[in-house]
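Welcome to a short set of exercises, each followed by a worked solution. Have your viewer ready and try each task before reading on.

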Amino acid sequence: MQNITPTSAASTESPKLLEQVRGKIRLKHYSIRTEQAYLDWIKRFILHFDKRHPSKMGAVEVEVFLTHLAVERNVSASTQNQAKSALLFLYKEVLGITLPWLDKVEQAKTPKRLPVVLTKHEVQAVLGRLSGTHWLVASLLYGTGMRILEVLRLRVKDIDFERKEILIRDAKGFKDRVTMLPLTLIAPLKTHLERVKQLHQNDLNDGLGAVYMPQALGLKYPYAARDWVWQYVFPSGNLSQDPRSKNEAEPVMRRHHLQDQAVQRAMRQAVVDSAITKPATPHTLRHSFATHLLEGGYDIRTVQELLGHSDISTTMIYTHVLNKGGRGVSSPLDIL
């Protein structure tokens, strides 16, 4: 992304403005990915209008920019919506300006596609070609219906072996929910956590071992970051600089959680090795979890709660990918 350099009285405020945006995002405890995406879209918006300060612009410029993304850049609907959310956040939360309804925006087309679902045999084949941490992550994706980042952001305290439950905190929509802990994963998880605990102890011995804490909790419990219970269940194999501290005098080195790209690569290779022709990703295991539960006769409301969907219509899509095509109608060819 091109840097925004001051060229006018208005543009000299841009660096300060971006710091205000970053501060407001962290105050609201948005994820680092949301922070990076929002800042990126705000920079693009400013550059698109020759570095004019957003306070000198308004709804007209926002509509022009969003339409440009859909018509000329041909971005997806989700990408356009992310850009829109970033700009609305900028105006409402930072500049204190409420934009009128953006009814002149050319909307990017939202494709209506059914989710890719693996059969039980295909899931077994994929899991059989994974090993170690990647196998454990993929097994949790299929066995619990969690999203990949929900699995990777799990803390030790979130797993209750006695109740056989997993607590998912600050999931999509900033909601907590509870899902089951598959019985077959209890022993492998305990073994895995023993290795993670030794890794954490090594970090403590080196004067490190402080994991990232949400800002409010970090201030309230300043020493909790080094406690075992707050550590990630799936930590990275390497220490890295906390991106939130890159502008500080002394950048903080932490052990972040495992990157989702590593799991995606392992899953992609397992699908190829299984000779499966479906474009399956780690998220496909979540789709398969929901579909197989419905096939097993579980109530759709139960599946909705396990998946964390706020609207039942989102869960209803899995009724279209059950074991018989064509809405469960048998082909007349099969009756001959």
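## Exercise 1: helix α2 and its neighbours

Helix α2 (residues 32–48) and helix α4 (residues 77–94) pack with their axes 9 Å apart, at an angle of about 85°. The model is predicted: local features need pLDDT of at least 70, side-chain atom pairs count only at pLDDT 80 or more, and totals for chains, interfaces and linings use all residues. Residues are numbered from 1 along each chain as its sequence is written, and side-chain values use heavy atoms, with hydrogens and water left out.

**Task.** Describe how α2 packs against α4, then do the same for α2 and helix α3 (residues 59–71).

**Solution.**

Step 1. Start with the geometry. Two packed helices are described by the angle between their axes and the distance between the axes. Here axes are lines fitted to C-alpha atoms, for helices over the stretch in contact, and angles run from 0 to 180 degrees between N-to-C directions. Helices (H or I, at least four residues) and strands (E, at least two) are DSSP runs, numbered from the N terminus.

Step 2. Classify the first pair. The angle of about 85° makes α2 roughly perpendicular to α4; angles under 35 degrees count as roughly parallel, over 145 as roughly antiparallel, 65 to 115 as roughly perpendicular and the rest as oblique.

Step 3. List the contacts (heavy atoms within 4.5 Å). From α2 come A37, Y38, W41, I42 and F45, and they meet T79, Q82, A83, S85, A86, L87, F89, L90 and Y91 in α4. By class, this contact has 11 nonpolar, 3 polar and no charged residues. Ala, Val, Leu, Ile, Met, Phe, Trp, Tyr, Cys and Pro count as nonpolar, Asp, Glu, Lys and Arg as charged, and the others, Gly among them, as polar.

Step 4. Turn to α3. The axes of α2 and α3 come within 11 Å and cross at roughly 105°, which makes this pair roughly perpendicular. W41, R44, F45 and H48 of α2 make the contact with E61, V62, F65, H68 and L69 of α3. By class, there are 5 nonpolar, 2 polar and 2 charged residues.

## Exercise 2: the two sides of α10

**Task.** Check the length of helix α10 (residues 260–273), then find which of its residues are buried and which exposed residues lie on the face turned away.

**Solution.**

Step 1. The expected span is 1.5 Å times one less than the number of residues. For the 14 residues of α10 that should be 20 Å, and the end C-alpha atoms are 20 Å apart, which agrees.

Step 2. The buried residues are D260, A262, V263, A266, M267, A270 and V271. Buried means under 20% relative accessible area, exposed over 50%, partly exposed in between (1.4 Å probe, protein chains only).

Step 3. Seen down the axis, the buried residues of α10 fall within an arc of 170°, so they line one face of the helix. The arc is that of the directions from the helix axis to the C-beta atoms.

Step 4. These buried residues pack against α2, α5 (120–128), α6 (132–144), α7 (148–152) and α11 (282–295). On the face turned away sit the exposed residues R265, R268 and V272.

## Exercise 3: positive phi in loops

**Task.** What are the phi values and settings of D50 and A275?

**Solution.**

Step 1. D50 lies in the loop between α2 and α3, and its phi is near 55°. At 69% relative accessibility, D50 is exposed.

Step 2. A275 lies in the loop between α10 and α11, with phi near 60°. A275 is exposed too, at a relative accessible area of 65%.
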